[in-house]
Amino acid sequence: HGLRRDASLKELEFPYAYREGQKDLAVSVYRSVVRRRNLFIQAPTGVGKTLSAIYPGLKAMGEGHIEKIFYLTAKTITRSVAEEAFAVLRQRGMYMRAVTITAKEKVCLLDSPQCNPDACPYARGHYDRVNDAVYEIIHREFGITRETVIRYAREYQVCPFEFSLDVSNWVDGVICDYNYVFDPNARLRRYFSDGMAGEYLFLVDEAHNLASRGREMYSAALIKEDVLAVKKVLKGKAPKAHRILDRCNKQLLEMKRESETYVIHENVHHLTATAVSLLGELETYMDEHREFEDRDLVLDFYFRLRDFISISEGMDEAYRIYSELLPDGRFMVKLFCMNPASHLKQCTDRGRAAVFFSATLLPVLYYKELLSGCREDYAVYAHSPFSRENRLFLVARDVSSRYARRNRREFEKVFAYILEVAAQRRGNYMAFFPSYQYMSRVWELWEERREELERRGFCLIVQSSHMDEAEKEAFLGTFENETSEILVAFCVMGGIFSEGIDLKEDRLIGVMVVGTGLPMVCTEQEILRGYFDEKEGRGFDYAYQYPGMNKVMQAAGRVIRTMDDRGVILLMDDRFLREEYQALFPREWWPYQVTDRNHVGEMVRAFWQNGSG
């Protein structure tokens, strides 16, 4: 297989004519792989980042530099992009296999995972059948997607998740979530256990998400109420564990008395020492008692306690320890990772090179600081291939989303802007808001005028919190329908519809973004601000401005997806006219035009009249 694969990769040509900047990206990726260097790519939507990263990686594989490619994503929806790229290259003669690894809960053939042979027929006898299943799938299939894994798992009666992991040993590419490379609790131990490494290429898609995900992976918390719940379960059953739980609760109670809001602690040695003792007792008790009431509750607590101890042992200056009384009344002690770069680097160092790419990696030094910690890593800024004449970029000067200005008058201004822009051409639009609360206040204005606006041809839909996959598909399906109406979708910035969706051509002709995307002021953002003030002197930038502008750029990037797209982008907040925000504008946003409610309609109307659309 390897000989045939390498021969096909040496002959493989790029499947399309190169777009502007695309060949330079491919050359940069290849050079980084050969030189064993990491690369950061800031590339506007539509450049073709996925193919520009995968193709040179495959060429390097054909020359013996790479043994396996890991294509890493933050969201399930973006995995299909990588699968499609591999499929396109196979149509051009590539002989290469790739498997998509899907989370256990999403691929389980039962209603909910029951990972023991007594409860699961696929686990019972799995190891007797899995070798035949692996043999068959790797001899028959090349693009081994989630659906393919499930089909073979049903046929051979094996656990689909464990099956996909075994298949990964026999393929050239692995498409999976960040967790399987970076998360200490989920990483693929067959590749990344301590001391293990390989000639791997890590392609990190939508890499702007990895900073916050990394903080989550390398942080841990202990909650007082969880200690009490486990103490209640073990009362009269495990006297020694019960005594240690009581001691742990008293230590947390003492800390709670000091915390009116939150407290930053120098260390919590006394708490971690108690946690270590408790972990040992819980482990002994659960080994001796395989079945007891609420065992799952104790087991979940055991894993969280183990994480807390593990993180405490590896903490460095990039951590802050704080305790806080949560809004729901619970009390928490958290080991909070401020900068995950050192942990992420340990993971990427187990391969040959890592390529971090996104449409929003600005400023690149910020992402280098958080994702690799190495300012000398290579970086490329790709030019947009799209004609500037195909988009109208506007900034509103007479509206603000500042908290002090969040009143009915301001909401009415925002709603007026949305209606005025959308009224100039029938089609599909998205309006992005800084929060569900803000969005609901503007939605109320629609409800008040619904009958009148529906008569004028307006149709508004709204994103709800905690949408499942079916609801999300139905929401996006609205954009597929041929309509003579003006469809405006109300969405939340930074939510599921502000990145990773691809509404091409007339499926979306306008995006309106309300506010600068600044995260809510909360304990963790303020601790981040303090940390980066001490380290860089740029606490507000790192904790608020850069993450906020990233969300704005992602939302704005929904509208221009192909060479033939035409669309309007409107940013609504006077802060976008300030120098510190404009310094973060990507090149393709220039030149922009300033507008107000008196002129926005005629500017948008002139744009549509001047173009072929």
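In the predicted model, Gly427 is placed in the loop that connects α18 (408–422) with β14 (428–433). With a relative accessibility of 11%, Gly427 counts as buried. Its C-alpha atom and that of Phe182, a residue 245 positions away along the chain, are separated by 42 Å. A second loop position, Val521, lies between β17 (510–514) and α21 (523–535). Val521 has a relative accessibility of 58% and counts as exposed. Between the C-alpha atoms of Val521 and Ala543 the separation is 9.5 Å, with the two positions 22 residues apart along the chain.

Eight strands make up an open sheet with parallel pairing, in the order β4-β3-β5-β2-β6-β11-β1-β12. Its edges are formed by β4 (143–144) and β12 (378–381), each of which pairs on one side only. Strand β1 (residues 39–42) runs parallel to β12 and is joined to it by four bridges. Within this pairing, Leu39 is opposite Tyr378 of β12.

Helix α8 (residues 160–167) is largely enclosed by the rest of the structure, because six of its eight residues are buried. The buried residues are Pro160, Phe161, Phe163, Ser164, Leu165 and Val167.

The structure contains 40 salt bridges. One of them links Asp226 and Arg304, with 3.3 Å between the closest N and O atoms. Asp226 belongs to helix α12 (residues 224–234) and Arg304 to helix α15 (residues 295–313), so this contact ties together parts 78 residues apart in sequence. Arg304 is partly exposed, at 35% relative accessibility.

A salt bridge within a single helix is formed by the side chains of Glu254 and Arg257, at an N to O distance of 3.4 Å. The two residues are three positions apart in helix α13 (residues 239–257), and therefore about one helical turn separates them. Glu254 is partly exposed, with a relative accessible area of 44%, whereas Arg257 is exposed at 61% relative accessibility.

Arg575 and Asp573 also form a salt bridge, their closest N and O atoms lying 3.0 Å apart. Both Arg575 and Asp573 are buried. Elsewhere, Arg5, Asp6 and Asp172 are joined into one network by salt bridges that share partners.

On the surface, a patch of negative charge is formed by Asp118, Glu291, Glu293, Asp294, Asp296 and Asp300. Of these residues, Asp118 is located in the loop between α5 (104–107) and α6 (126–140). Its relative accessibility is 75%, and Asp118 therefore counts as exposed.

Notes:
Residues numbered from 1 in each chain as written. Predicted model: local features only at pLDDT ≥ 70, side-chain atom pairs only at ≥ 80, totals over all residues. Heavy atoms only, no water. Patch = residues over 30% accessible without salt bridge, like charges linked within 9 Å, V, L, I, M, F, W, Y side chains within 5 Å. Areas by Shrake-Rupley, 256 points an atom, 1.4 Å probe, with all protein chains shown as cover. Salt bridge = Lys/Arg side-chain N within 4 Å of Asp/Glu carboxyl O. Lys, Arg positive; Asp, Glu negative; His and termini not counted. Charge placed at Lys NZ, Arg CZ, Asp CG, Glu CD. Buried < 20%, exposed > 50% of the residue type's maximum accessible area, 1.4 Å probe, protein only. Pairing = 2+ DSSP bridges.
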